[in-house]
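Please look through the following structure slowly, with the sequence beside it. The report starts from one pair of residues and then widens to the sheet and the interior.

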Amino acid sequence: MISLNQEQIKVYAQLCNLVSSIVKLDVKLLDLDGNKIILMAKHQIPNGLANNEEENKSITELLKASKKNEYLHYINSAKLECIFAGIWKDNQYTGTVMVGPFLSDLPSDLFISQIISSQSLPISDRKQYQDFYETLSILSDEEIRSIGELLVNLCPHDYISSSQLVTPTINNQSNPVKT
């Protein structure tokens, strides 16, 4: 196992930004031990709901033992769903990209009540939890699979900065923009 150096962190920050802008979800970069290096967040997760460090470490250990083409669709005890994929360089595990949280079902009143009870959260903060869960994206199985495949295919490669190519107008006719 090798850890990410500063240059690789910069590269993966660009990858995280790209993934976040495409899938419209939070993206985290985790080191070899499951510690957060970068967070591109659209959501402020209320206390008591996020993955704890032990969960991230366990997930990291699972990914270290996995194959390069495998990703993990994880649902934590607060029913928050995330997708994790390992970053591999020269057949060595170097870190993790996490996408989420999201849900795969609409959160009902009963769902929120069960979360509050199972997580021993204060009932007085119910509105905060309800509002938070209602802001999360609802993803289908196909979308979850597609994000997992996207991560598996992006993570082993270096980020390549692109530039847009624009075609000129020919014979006063409009041409589509090519990128």
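## A pair in the sheet

Lys28 stands opposite Leu39 in S2. Strand S1 (residues 27-30) pairs with S2 in the antiparallel sense, over four bridges, where pairing requires that DSSP finds at least two bridges between two strands, and where helices (H or I, at least four residues) and strands (E, at least two) are DSSP runs numbered from the N terminus.

This is a predicted model, in which local features need pLDDT of at least 70 and side-chain atom pairs count only at pLDDT 80 or more, while totals for chains, interfaces and linings use all residues. Residues are numbered from 1 along each chain as its sequence is written, and side-chain values use heavy atoms, leaving out hydrogens and water.

## The whole sheet

Five strands make up an open sheet in the order S2-S1-S5-S4-S3, with antiparallel pairing. Because strand S2 (36-40) and strand S3 (71-75) stand at the edges with a single partner strand each, one side of each is left without a neighbour in the sheet.

## The nonpolar cores

The largest nonpolar core (buried Ala, Val, Leu, Ile, Met, Phe, Trp, Tyr and Cys residues joined through side-chain atoms within 4.5 Å; buried means under 20% relative accessible area, with a 1.4 Å probe and protein chains only) has 23 residues, and Leu29, Val97, Val99, Ile147 and Leu151 have the most contacts inside it. Helix H1 (6-23), S1, S4, S5 and helix H5 (141-154) each supply at least two residues of this core, and H1 gives the most, with seven residues. A second, separate core of 13 residues includes Leu49, Ile112, Phe132 and Tyr133.

Technical notes. Buried means under 20% relative accessible area, exposed over 50%, partly exposed in between (1.4 Å probe, protein chains only).
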